[in-house]
Amino acid sequence: MRILIIEDDPRLGPSLKKGLEGSHHAVDLLADGEDAVFMATSIPYDLVILDILLPGLSGFEVCRQLREQGKTMPILLLTALGEVEHRVKGLDLGADDYLTKPFAFSELEARVRALLRRGGPVSSATLQFMDITLDTRTHEVKRAERLIPLGNKEYALLEFFMRHPHQVLSRSMIVEHVWDGDTEHLSNVIDVYIRYLRRKLCNENEPNVIQTIRGSGYQLKEPL
């Protein structure tokens, strides 16, 4: 999933980015509130992690502007302000959750998983399609009882498909949510990773569940 972090701490921001990328997310990092509003209204992020104390626009103002512009992605506020009124203000402006600094990265990960579940049709930490299961906590993928080792992008690609079963996903949608580049330069890369994923998901007697929809993209669906 694609996540935007807005954090101006020169140590914390890169650390969060590295940690979430290690959990198979595509992550962009910004340190300025005005840049954050522009990016978050231009790219369909699945989640925004937003520090309150930012140079320029505060996190409160960024949150307010995003909601006023109709952006509905989950927003997780990071705050060093422990007072209840600050937390209430953020939630009233449209934030979905908050985390008080300092925090353990494992807690941030848990809140990210919860917000991503809340933002889509899936409410369980385990995604399932036919006999394929994906555990978003352990990153373990199985088909029936067979454990399937996946690389970071293969995992992120499968998670995106499993969060949107039966939906035709265009190359541009896949790039926006799984990679952080442009469709023109990544189109062939997507095709390669689809082949990798099909090969790992489907043994000789297992049907292919990722269908090519000519001229449109790909679809996770039951085989005919």
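**Contacts, burial and backbone oddities**

Mentor: Let's start with L54. Not counting residues up to four places away in sequence, L54 touches I6, E7, D8, A31, G33 and G59. Bear in mind that we're looking at a predicted model.

Trainee: What makes those residues count as touching L54?

Mentor: A contact means heavy atoms within 4.5 Å, and I6, E7, D8, A31, G33 and G59 meet that for L54.

Trainee: And where does L54 sit?

Mentor: Look in the loop between β3 (47-51) and α3 (59-68).

Trainee: Why is L54 called buried?

Mentor: Its relative accessible area is 10%. Buried means under 20%, so L54 with its 10% is in the buried class.

Trainee: How far is L54 from Q128 in space?

Mentor: Their C-alpha atoms are 39 Å apart, and 74 residues separate them in sequence.

Trainee: Let's go to the other end of the numbering. Where do I find Q219?

Mentor: In strand β12, which covers residues 217-220.

Trainee: Why does Q219 count as buried?

Mentor: Set its value against the cut-off: buried needs under 20%, and Q219 has 11% relative accessibility, so buried is the right word.

Trainee: Which residues is Q219 in contact with?

Mentor: Leaving aside neighbours within four places in sequence, there are F161, H166, Q167, V168, V209, I210, Q211 and I213.

Trainee: Now P44. Why is P44 called partly exposed?

Mentor: Partly exposed is the class between the 20% and 50% cut-offs. P44 has a relative accessible area of 34%, so that is where it belongs. You'll find P44 in the loop between α2 (33-42) and β3.

Trainee: What does P44 touch?

Mentor: E176 and H177, not counting residues up to four places away in sequence. As for M73, the C-alpha atoms of P44 and M73 are separated by 8.2 Å, with the two positions 29 residues apart along the chain.

Trainee: Why is R171 called partly exposed?

Mentor: Its relative accessible area is 28%. That falls between under 20% for buried and over 50% for exposed, so partly exposed fits R171. R171 lies in helix α7, residues 171-178. Its C-alpha atom is 5.8 Å from that of G217, a residue 46 positions away along the chain.

Trainee: On to the backbone. What makes H139 stand out in its phi value?

Mentor: H139 has a positive phi of about 65 degrees although it is not a glycine. Its place is the loop between β7 (132-135) and β8 (140-143).

Trainee: Is H139 buried, partly exposed or exposed, and how do you know?

Mentor: Its relative accessibility is 26%. Buried would need under 20% and exposed over 50%, so H139 counts as partly exposed.

Trainee: What about phi in A144?

Mentor: Positive as well, near 55 degrees, and A144 is a residue other than glycine. A144 lies in the loop between β8 and β9 (146-147).

Trainee: Why isn't A144 called exposed?

Mentor: Exposed takes over 50%. A144 has a relative accessible area of 45%, so it is partly exposed.

Trainee: Which peptide bond is cis?

Mentor: The one from K101 to P102, with omega near -10 degrees. P102 is found in the loop between β5 (97-100) and α5 (105-118).

Trainee: Time to zoom out. What does the protein chain contain in helices and strands?

Mentor: Eight helices and twelve strands. The domain assignment splits the chain into domain 1 (2-117) and domain 2 (126-220). Where those domains are in contact, 13 residues come from domain 1 and 15 residues from domain 2.

Trainee: How far apart are the domain centres?

Mentor: 27 Å, taken over C-alpha atoms.

Trainee: How do you know whether the radius of gyration agrees with a compact globule?

Mentor: For 224 residues, a compact globule would be near 17 Å, and the protein chain has 18 Å, so the value agrees. Along its principal axes, the C-alpha trace spans about 60 × 35 × 30 Å.

Trainee: How many of the residues count as buried?

Mentor: 44% of the 224. The chain exposes about 10,800 Å², with carbon and sulfur atoms supplying 50% of that area.

Trainee: And how many charged side chains are there?

Mentor: 27 positive and 33 negative, and the centres of the two sets lie 6 Å apart.

How values were computed: Residues numbered from 1 in each chain as written. Predicted model: local features only at pLDDT ≥ 70, side-chain atom pairs only at ≥ 80, totals over all residues. Heavy atoms only, no water. Helix = DSSP H or I, 4+ residues; strand = E, 2+ residues; numbered from the N terminus. Rg over C-alpha atoms; globule rule 2.2 N^0.38 Å. Buried < 20%, exposed > 50% of the residue type's maximum accessible area, 1.4 Å probe, protein only. Areas by Shrake-Rupley, 256 points an atom, 1.4 Å probe, with all protein chains shown as cover. Lys, Arg positive; Asp, Glu negative; His and termini not counted. Charge placed at Lys NZ, Arg CZ, Asp CG, Glu CD. Domains from an automatic or database assignment.
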